[in-house]
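Biologist: Please take one part of this structure and go through it closely. I would like to know how a single strand is placed among its neighbours.

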Amino acid sequence: MKILFIDYIFQKGHVHFNRIHIDSLKAQGYEVRLALYEAMAAQLPYTADEYDVVIPQRYEQRDGHPLRNRINFLRALRYIQSHVRLDDYDKLIVSSWDEVTLGLLPLRRDMYLICHANAANLANRVKGGVIRRMNRLGCHFIVFNDYMAAPFTAHGIRRVHIVSHGCVAPFTDGQGAIPDICKGYRRVIFHPSTKADAAFVDELFAHERLQRYLADTGTLLLLRHRQPRWADTEQIRFIEAQLSMEDYEQLFLHSYLILLAYSDGFAYQVSGVSYEAVANRKPMAILQHPSLNYCKGFYDYDPRFANAEELLELLQQLDRIAGRCIVTAADLTPDYSFLRHA
């Protein structure tokens with residue numbers, strides 16, 4: 001079976017994601033051809049002859065330019081259409097997609113569309129209408145778990161397939177070098193995402209017993225993306241600079257606990273960070289969020305907490321009984337065997 005794997009929306013954070021799914025498809029015996037952006041191709045290990053089209057970087061999206069981005073997405077789709085005979089493929093898999101642009105310029109009727117946060121748009125009159133129309137035309141929708149599938153089912157969407165997000169390869173330890181920001185602390189709690197819930201961060205600063213616990217245990221709580229009202233303290237610090245991949249991985253490996261605290265805007269999607277934690281065998285603490293309940297199945301303890309007080313209790317629990325990851329990256333490998341029967 002010949003598959004064209006397409007990513008017409010360039011997102012820097014999807015380099016690992018695309019590799020996970022391309023490698024999984026190859027390992028399961030599919031012939032996979034690629035249609036990716038130049039910068040994406042430069043970061044992936046595939047040879048030039050595996051690409052049927054390389055999308056010019058001038059069509060990539062840029063923050064704060066939604067109209068321009070949609071015009072560029074349409075140009076990228078047109079570029080793919082003009083350089084590839086799409087009917088030569090048994091399946092088209094689209095790694096990420098925008099309802100408006102792919103609805104206006106569908107590459108084919110029977111595409112397989114990987115949904116990240118698209119389920120949240122089913123309630124939108126325009127975007128939801130596009131999704132339902134694409135389904136009637138024969139498109140399939142790939143989600144990562146039952147929770148993400150539920151809105152599609154509720155809206156009468158058929159041809160929904162659950163495929164695990166999958167894990168990156170374990171990060172490579174830089175010979176045990178301690179990142180400078182972590183020096184002087186016995187351990188580090190790291191929130192790798194820049195999308196921490198602001199109200200929860202406010203609560204962290206206001207919770208005196210948690211602050212005292214961090215000081216008594218020599219723990220640094222390391223967050224990304226500072227708001228103007230937040231200032232570094234001895235125990236809570238912020239990283240505002242863009243991290244290189246190497247620096248990010250070393251901070252991740254040096255941390256004893258990975259923290260996730262997303263806001264309500266994080267809806268019907270999964271966190272790539274959670275799968276990085278599994279790959280690197282790191283325990284997690286997760287601010288309760290329905291989109292993240294799947295993480296409970298990754299550990300021999302419940303990593304969820306509702307507020308700063310419960311975070312303190314969870315940290316104290318993990319001091320007594322070391323939390324353990326009970327799934328492996330192999331357990332979470334994406335399974336595309338359904339393509340042979342779909």
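Modeller: What follows is a walk through one strand and the sheet around it. The model is predicted. The strand is β12, residues 284-287.

Side chains in a regular strand alternate between the two faces of the sheet. In β12, M284 and I286 lie on one side and A285 and L287 on the other, and all of these residues are buried. Both faces of β12 are therefore covered, with buried meaning under 20% relative accessible area.

One partner of β12 is β11, residues 257-260, and the two strands pair in the parallel sense over three bridges. Within this pairing, A285 in β12 has L259 opposite. The two strands also belong to a right-handed β-α-β unit, in which helix α10, residues 272-279, is the helical element. Another partner is β13, residues 304-305, again parallel, over two bridges. Here R304 in β13 stands opposite I286.

The wider sheet is open and has six strands, in the order β10-β9-β8-β11-β12-β13, with parallel pairing. At its edges stand β10 (236-239) and β13; each has a single partner strand, so one side of each has no neighbour in the sheet.

At the β10 edge, the pairing with β9, residues 219-224, is parallel and takes in four bridges. L223 has F238 in β10 as its bridge partner. Helix α9, residues 245-254, lies across β8 (187-190), β9, β10 and β11, and runs at about 120 degrees to β8.

Definitions and conventions: Residues numbered from 1 in each chain as written. Predicted model: local features only at pLDDT ≥ 70, side-chain atom pairs only at ≥ 80, totals over all residues. Heavy atoms only, no water. Buried < 20%, exposed > 50% of the residue type's maximum accessible area, 1.4 Å probe, protein only. Pairing = 2+ DSSP bridges. Right-handed = clockwise from strand over helix to strand, strands pointing away. Contact = heavy atoms within 4.5 Å. Axes fitted to C-alpha atoms, helices over the stretch in contact; angles between N-to-C directions.
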